Amino acid sequence: GSPQLVAVSPMTRTLQTASLAFPDIPEPAAGRAPLVRPPFVATSLARERIGNHSCDGRRERVALEGEFPHVDFSEVADGADEMWEHKEVEPDGMNSTACGARAGRLLAWLWRRPEPEIAVVSHWVFLSHLLRPHGFDDAFVQMGNAEMRFVTLQERAARPSSRSSSDSSSGPKQEL
């Protein structure tokens with residue numbers, strides 16, 4: 001089914017991807033049912049690891065609100081990128097202590113949400129920080145552009161194996 005919420009990084013590239021992946025098509029072609037976009041919430045908790053590249057910086061919130069009016073930006077600070085000066089590159093970019101801690105805060109934020117099905121649109125380096133501590137191997141975490149992974153959060157799930165199951169309709173799945 002369709003998610004009840006899309007939690008998305010406030011970076012332009014993820015906002016664009018999420019908007020394409022979950023479109024709003026109120027008047028589709030003849031014989032097709034309308035698609036109603038689920039609510040979107042941008043959260044800085046889901047943004048890319050903050051490195052030294054300008055593409056890892058966020059645009060001003062007011063510009064994003066103008067370009068993406070269907071997104072709730074209340075979880076993103078006003079103005080310029082408040083996180084840009086706090087680089088997440090220690091001890092290295094792929095194993096950042098600060099990015100891992102932020103990933104844990106995103107997981108806690110997701111648990112507090114009332115929606116049972118939430119799509120998270122983020123970045124592969126950040127998602128690797130989110131998933132690897134829970135037993136997901138690099139083969140599962142490594143993703144291409146706009147590639148989806150389906151993960152089930154369970155309160156008392158056993159540590160998952162590094163194997164993933166797959167079916168052609170929904171992609172690889174594992175539990176977290």
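These legends describe close-up views of salt bridges in a predicted model.

**View 1. Salt bridges across the model.** The count comes to 7 salt bridges. Side chains of opposite charge can pair when their charged atoms come close. Three of the pairs are described in the views below, among them D81 with R47.

**View 2. D81 and R47 meet in a salt bridge.** The N to O distance is 2.7 Å. This pair links distant parts of the chain, 34 residues apart. D81 sits in the loop between β3 (71-75) and α3 (97-112). R47 lies in the loop between β2 (40-43) and α2 (61-67). D81 is buried, because its relative accessible area is 14%, under the 20% limit. R47 is buried too, with a relative accessibility of 0%.

**View 3. E67 pairs with R59.** The closest N and O atoms of this salt bridge are 2.9 Å apart. E67 has 39% relative accessibility, so E67 counts as partly exposed. R59 is also partly exposed, at 32%.

**View 4. R61 forms a salt bridge with D78.** Their closest N and O atoms are 3.1 Å apart. Here, too, distant parts of the chain are linked, with the two positions 17 residues apart in numbering. R61 belongs to helix α2. D78 is in the loop between β3 and α3. R61 is buried, with a relative accessible area of 14%. D78 is exposed, because its value of 61% is over 50%. Salt bridges with shared partners join R61, E65 and D78 into one network.

Technical notes. Residues are numbered from 1 along each chain as its sequence is written. This is a predicted model: local features need pLDDT of at least 70, side-chain atom pairs count only at pLDDT 80 or more; totals for chains, interfaces and linings use all residues. Side-chain values use heavy atoms; hydrogens and water are left out. A salt bridge is a side-chain nitrogen of Lys or Arg within 4 Å of a carboxyl oxygen of Asp or Glu. Helices (H or I, at least four residues) and strands (E, at least two) are DSSP runs, numbered from the N terminus. Buried means under 20% relative accessible area, exposed over 50%, partly exposed in between (1.4 Å probe, protein chains only).
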